[in-house]
Amino acid sequence: MTEDAVVDAPDRDLLTIGAFAARARLSAKALRLYDRLGLLSPAHVDEATGYRYYRAGQVERARLVAMLRQLDMPLARIAEVVAAGDGPAAAELLGTYWADVEARVAGQRTLAEYLRGRLSGRSSEMYRKFVIETVDVPQQVVITEKRHTLADELPAWIGAALGRLEGAARECGGVAGVPYVAYHAEVSMESDGPAEACVPVADEEAARAWAEQHGRAWETAVRVEAAQRLAYTRITKAQVAHPQILAAFEAVEEWMATGGLTPAGPCRELYFADWEAAGADDPVCDVAFPVNRLPVG
């Protein structure tokens, strides 16, 4: 006789796995899986036969687990929702998870559209949406923080790092220019840079003393950056999101190549506006490359 067969339960309040599966509209196989994953344990397991028995009151939990799995919710998150029981706490956990899903899908949708444009040969059409200009930046002292980071960690790190460095700059004569993030290698879901947050500072000596005293935990350094020319395009807060920002970088690179210019240093994002106060369509960032002119002949 198999576990799914109709057998006498240990007491009349318990259901065999087959009977319970029928009530929950699930398979016995699914119930065994939920047990193994720690999401729904039987009310009783017969020591002699190993047969599982459930109470009728567990039906709703079984159905809830099944529906949450249809949302591709990770097992750990399902366990949190189930443990919270029915009520606002469980609903809030589900809402938070689904907001994350929708944000991820929106990003993937945008990435797919961007890739369709590239694959269909419409890259030049995308690049024409960006206005490219140049600006000369004088020599400046910058206090910096460098970190190896993947793309999903990058936005939070940028905000935290620039906040720390701007606080340091205010103790060292003030912020003396536009804060920026330089990329010394690619940052993606597979490549971790490093990236370098930089804030121009007024007092070099004070900045070096601050970095020596406070900056060891954050790989803080101070350096003098030479005067340079930047080729850049200005983008909105919405365009800072991936992959829109990739199109901005590529537009600048294409403009440089057409004009006989080569990169003279790491590409960068210069954040000149109040990020929190800015709306989606407000300009907040310059995507830029330091440039050299290609030699003639």
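**Exercise 1. Classify D286 by accessibility and place its salt bridge in the fold.**

D286 has a relative accessible area of 9% and is buried, where buried means under 20% relative accessible area, exposed over 50% and partly exposed in between (1.4 Å probe, protein chains only). The structure is a predicted model, in which local features need pLDDT of at least 70 and side-chain atom pairs pLDDT 80 or more, while totals for chains, interfaces and linings use all residues. Residues are numbered from 1 along each chain as its sequence is written, and side-chain values use heavy atoms, with hydrogens and water left out.

Step 1. The partner of D286 is R234, and their side chains form a salt bridge with an N to O distance of 2.7 Å. A salt bridge is a side-chain nitrogen of Lys or Arg within 4 Å of a carboxyl oxygen of Asp or Glu.

Step 2. D286 belongs to strand β12 (residues 283–293) and R234 to strand β9 (residues 228–236), so the pair ties together parts that are 52 residues apart in sequence. Helices (H or I, at least four residues) and strands (E, at least two) are DSSP runs, numbered from the N terminus.

Step 3. R234 is partly exposed, at 45% relative accessible area.

**Exercise 2. Determine which helices the salt bridge between D100 and R77 connects.**

Step 1. The side chains of D100 and R77 meet at 3.8 Å, N to O.

Step 2. Helix α5 (residues 88–119) holds D100 and helix α4 (residues 75–84) holds R77, so this pair ties together parts that are 23 residues apart in sequence.

Step 3. D100 is partly exposed at 42% relative accessibility, and R77 is partly exposed at 25%.

Step 4. In the whole structure, the search finds ten salt bridges.

**Exercise 3. Describe the surroundings of E196 and the network to which E196 belongs.**

Step 1. E196 is in strand β7 (residues 195–200) and is buried, with a relative accessible area of 4%.

Step 2. The side chain of E196 makes polar contacts with the side chains of T144 (3.2 Å) and R223 (2.6 Å). A polar contact is a pair of N or O atoms within 3.5 Å; within protein, one must be able to donate a hydrogen and the other to accept it, and residues adjacent in sequence count only if both atoms are side-chain atoms.

Step 3. Salt bridges link E196, R223, E225 and R268 in a network. Within this network, R223 and E225 have their closest N and O atoms 3.0 Å apart. R223 is partly exposed at 27%, whereas E225 is buried at 9%.

**Exercise 4. Characterise the lining of the largest pocket.**

Step 1. The largest pocket has about 1500 Å³ of space. On a 1 Å grid over the protein atoms alone, a pocket is an open set of points where a 1.4 Å probe fits, with protein on both sides within 12 Å along at least five of seven lines; lining residues have an atom within 4 Å of a point. Grid points are joined across faces, edges and corners, and the volume is the space filled by probe spheres set on the points.

Step 2. Of its 41 lining residues, L154, P155, V240, I245 and E269 are the closest to the centre of the largest pocket.

Step 3. Helix α7 gives the largest share of this lining, seven residues.

Step 4. The lining comprises 23 nonpolar, eight polar and ten charged residues. Ala, Val, Leu, Ile, Met, Phe, Trp, Tyr, Cys and Pro count as nonpolar, Asp, Glu, Lys and Arg as charged, and the others, Gly among them, as polar.
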